[in-house]
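Q: Could you take me through one part of this protein in close detail? I'd like to hear what sits on its surface and what is tucked away.

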Amino acid sequence: MVFVPCARAVHLEGASTASRPLRVAYHKHVGMIKMYRLHLARRYPGPLTWAVAVSVWVRFAAKAVVTMSRSLASLRRRQRQARPAFGRRQERYGVRQQ
C-alpha cells in the first residue's frame, strides 16, 4: 500500500450507505469500540471502558430506530405515490372501488 497525499477519492451519492444504512451504522459503531479499546482503554479504568461501550451501543440502538422509521416512512410514501390518483381521490371522498 502506498500513501499518496495528493490523491483524491470521490464518493458518488453515498451508494453503499443508501442501500444498507443499518449495516453501515453497525460497522461504524463496531469501529468506534475497536478504536477506543486499541488507543484509549489502557489510559482509563475498566468501568469507564465498560460505560463507553454501553453508550456506543445505546447510540447505535437509537440510530437504528431512527434509520428504520425513516425507511418505513419512505416506503409508505412510495407506496402512496404508486397508487393511481383517481383511486386516492375516491378514497378521500368516501367512495370505494368494487
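A: Here is a walk along one helix, with a look at the whole chain at the end.

A quick note on the ground rules: this is a predicted model, where local features need pLDDT of at least 70 and side-chain atom pairs count only at pLDDT 80 or more, while totals for chains, interfaces and linings use all residues. Residues are numbered from 1 along each chain as its sequence is written, and side-chain values use heavy atoms, with hydrogens and water left out.

The part to look at is helix H3, residues 46-82. Helices here are DSSP runs of H or I with at least four residues, strands are E runs of at least two, and both are numbered from the N terminus.

Start with Thr49, which is found in helix H3. Thr49 counts as buried because its relative accessibility is 16%; buried means under 20% relative accessible area, exposed over 50%, and partly exposed in between (1.4 Å probe, protein chains only). Setting aside neighbours within four places in sequence, Thr49 is in contact (heavy atoms within 4.5 Å) with Tyr36, Ala41 and Tyr44.

Trp50 lies in helix H3 too, but this one is exposed, at 60% relative accessible area. Together with Val54 and Val58, Trp50 forms a nonpolar patch on the surface, with about 320 Å² of accessible area between them. Areas come from the Shrake-Rupley method with a 1.4 Å probe, and for residues only the protein chains shown count as cover. Patch members have over 30% relative accessible area and no salt bridge; like charges are joined within 9 Å, and nonpolar side chains (Val, Leu, Ile, Met, Phe, Trp, Tyr) within 5 Å. A salt bridge puts a side-chain nitrogen of Lys or Arg within 4 Å of a carboxyl oxygen of Asp or Glu.

Now for Thr67, also in helix H3. Thr67 is buried, with a relative accessible area of 15%, and beyond its neighbours within four places in sequence it is in contact with Pro21 and Leu22.

Then there's charge: Lys28, Arg59, Lys63 and Arg70 gather in a positive patch on the surface. Lys and Arg count as positive, Asp and Glu as negative, with His and the chain ends not counted. Helix H3 gives the most to that patch, with three residues. Arg70 is found in helix H3 and is exposed at 62% relative accessible area.

As for the whole chain, there are four helices and zero strands. Of its 98 residues, 14% count as buried.

Key
Charge placed at Lys NZ, Arg CZ, Asp CG, Glu CD.
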